[in-house]
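Me: I would like to go through a structure with you, starting with its charged pairs and then turning to helix packing. Could you keep the answers short?

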Amino acid sequence: MGARPTGLDVRVGGGVGSSPQRPDGRLKVSGEFAFSSDLWADDMLWGATLRSPYPRAKLTGLDLTAAVALPGVYAVLTAQDVPGRRVYGLEHADQPVLAGTEIRYQGEPIAIVAADHPETARRAASLIKADYEVLAPVTDPDAALLPGSDRVHADRPNLLRHVPIRKGDPAATAPVVVTGEYQVGMQDQAFLGPESGLAVPAEDGGVDLYIATQWLHVDQQQVAACLGLPQEKVRLTLAGVGGAFGAREDLSMQVHACLLALRTGRPVKMVYGREESFFGHVHRHPARLRYEHGADRDGRLVYVKASIVLDGGAYASSTGAVVANAATLGIGPYDVPNVVMDAYGLYTNNPPCGAMRGFGAVQACFAYESQMDRLAAAVGLDPVEVRLRNALTTGDRMPTGQLVEGPAPVAELLRLVRERPQAPAGADFPPGGTANTTRGEGVVRGVGYAIGIKNVCFSEGFDDFATARVRLELVGGRPAALVHTAAAEVGQGLVTVQAQIVRTELGVEQVTIAPADTSVGSAGSSSASRQTYMTGGAVRAACLALRARLAARLTALGRAPSTSDNDKKGPFLSAEEWVGALEAGALEETVEWRHRPTHALDPETGQGDAHVQYAFAAHRATVDVDVELGLVKVVEIATAQDVGKAVNPQAVAGQIQGGTAQGLGLALMEEIQVVDGMVRNPSFTDYLLPTIMDMPPMRLDVLELADPHSPYGLRGVGEPPTISSTPAVVAAIRAATGAALTRVPVRPEHIVGA
């Protein structure tokens, strides 16, 4: 087999707090890095998928004759060929591996093909004759919530989850009241590396799957169940991941490739094209949000009442957790004495929705920050001032009753972005870019602010843990460390962080990060801004266990270590001590590490200590708007974020910049257009992404206020920038135009004539 994933040797760099060169950086820039779509094996076949063109239908017949007869075709499989459990899912096993009789969304897989050439496989799939009885789809989540509505799944109601939050007096009143209804469109994660992987049948009757994913062990559990195999016979290795942002938490082609490999007895590779990728993974939940804020005449909040309806699409995925995040974080980083919040997740016949960066908090932040601007206008306050008067602080309680124990620098972050010098007048390019659509006439500048809150790690009592194995041995007469975890490197720089932690704790310069696979215990998902916290915590704990064993071995040899455990200024051992300690043999420690416990929410009141940690970020956006054409140019973004501890400062800056870019995309251009359950723009021609020409200069302020419960005091970084950047950009457009702008992404027709 070729192109097998190999370990990354991190030989040069510093410890925690430094920014060593990424071992995969040059390879990715030069094109030498092996992504999952680059995998190959001798005698390999190619897989392809037949998908439904309808969002809702009865599958009344399948004729495979022409596909099976095509030369070069080795297998054509349908739902009847799934040997184990025929459904899978992250929270609920409700999604078919291959559709049987019910079609619930456009793009649902119906049959799979293996052939000796990718074009042959695709042609064979197109030759399968499928007969449908087309049905009227359920596409409106508000209507799906009503009693008596048509059910997407005959055996269960359309309501996936309802999370109520009740705090204080539900009948509280206030002299100043502002209301608003808001909508958030369906955003795609739009990673550049489409779904792909390679399944290789094994001699023991099992299968080895090389796959781009975010969570190896949950993939393993679901794939094994569908194949009818014990988990130990389904072995997964992480292949090169070309971006994720939540979309790789769910299965795509994993089971399909394994089914074909086991049926044909040959390796099978599957690679989606861009259009198929839009149908092959979950998206951000579209949302409808209704808010009422009551305050006194000085702008201090008295109550918030809100209703959030999230469209989960055809299958559950992680909708339940997204609903909980939207509910528990849906008031924002503000101290509010009285809260009535209801968040709902619904089944519809729209594309399935699940994890995406920000995970429920993005949708809520657009609404509650829009409301804070309305409140500021109603009481005659500056938009930042009204936020400062209500800012959450350490020792306050969330609407769930949870105490905010760690730093909550909401006011400080807002002041930092406000005090940044304003962008100079005149953008490099006016709205419309270089197309000469304007020479400045009709262009108005606006400035907007927003701040958001996000939980870090998994919540609500989930058994969230990470496993790390660290091995110390002599290589070439020098100490070397090998780190083995199942944590998915999805572009965030986790391989570098793991090496930094080993250097900090052990003083070993040569560190190799083994390929992530299922031969070591689970590290959980690369999501929820949790991997540096969780896998970093596990690696640190394994290193500390090794320090103790090294010290004990030296003591047994009659040598006391020259450097105390508490001294991190120099190496743990001298060169002579390292040799003495490891000549007797390698040392290895495997640690399963957990964060502090969380608890389920009370189903009636939503009270409970549901979250591990809270993270905060603020943005100030400056825009130029051509009010005649509805074109927007983001001139500058200032942002401030508390990261607890910048384990890798350069990576932190990259996460903040990248997250802000996704938030800008949602504000101005990114939306999957779904009409009557049908996706109208499954391509990067029509699904627009911010380019380097769309991204403005960014000014960053990074605070390091240590969290008392986390390793090194760190705080998750990846998601908060996406949360508050969207409402800040929209607030700036409002300031320039006076338009209400209650929906994102903002389109030119929302501005012109408003």
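Me: Which side chain does D43 meet in a salt bridge?
Reply: In this predicted model, the partner of D43 is R266, with an N to O distance of 2.9 Å.

Me: Where do D43 and R266 lie?
Reply: D43 is in the loop between α1 (25-30) and β2 (45-51), and R266 is in the loop between α6 (254-264) and β15 (268-271), so the salt bridge ties together parts that are 223 residues apart in sequence.

Me: And is R266 buried or exposed?
Reply: R266 counts as buried, at 16% relative accessibility. D43 counts as partly exposed, at 49%.

Me: What about D140, which residue does its side chain meet?
Reply: D140 forms a salt bridge with R288, at 2.8 Å from N to O. D140 sits in the loop between β9 (129-134) and α4 (141-145), while R288 belongs to strand β16 (residues 287-295), so this pair ties together parts 148 residues apart in sequence.

Me: How accessible is D140?
Reply: D140 has 30% relative accessibility and counts as partly exposed. R288 is also partly exposed, with a relative accessible area of 26%.

Me: Which residue forms a salt bridge with E636?
Reply: That is R620, and the closest N and O atoms are 3.2 Å apart. E636 lies in strand β25 (residues 631-642) and R620 in strand β24 (residues 613-626), with their positions 16 residues apart in sequence.

Me: Is R620 buried or exposed?
Reply: R620 counts as buried because its relative accessibility is 0%, under the 20% cut-off. E636 counts as buried as well, at 5%.

Me: Which residues are joined into one network by salt bridges that share partners?
Reply: R22, D24, K28 and E489 are joined in that way.

Me: How many salt bridges does the structure hold?
Reply: The structure holds 43 of them.

Me: Changing topic: at what angle do the axes of α12 and α13 cross?
Reply: The axes of α12 (residues 494-506) and α13 (residues 531-556) cross at roughly 30° and come within 9 Å. That makes α12 roughly parallel to α13.

Me: Is the crossing left-handed or right-handed?
Reply: α12 passes α13 in a right-handed crossing.

Me: Which residues make the contact?
Reply: From α12, they include L494, V497, I501 and E505. From α13, they include T535, V539, C543 and R547. The contact residues divide into nine nonpolar, five polar and three charged.

Key
Residues numbered from 1 in each chain as written. Predicted model: local features only at pLDDT ≥ 70, side-chain atom pairs only at ≥ 80, totals over all residues. Heavy atoms only, no water. Axes fitted to C-alpha atoms, helices over the stretch in contact; angles between N-to-C directions. Helix = DSSP H or I, 4+ residues; strand = E, 2+ residues; numbered from the N terminus. Parallel < 35°, antiparallel > 145°, perpendicular 65-115°, else oblique. Left-handed = near helix turned anticlockwise from the far one by under 90°. Contact = heavy atoms within 4.5 Å. Nonpolar A, V, L, I, M, F, W, Y, C, P; charged D, E, K, R; others polar. Salt bridge = Lys/Arg side-chain N within 4 Å of Asp/Glu carboxyl O. Buried < 20%, exposed > 50% of the residue type's maximum accessible area, 1.4 Å probe, protein only.
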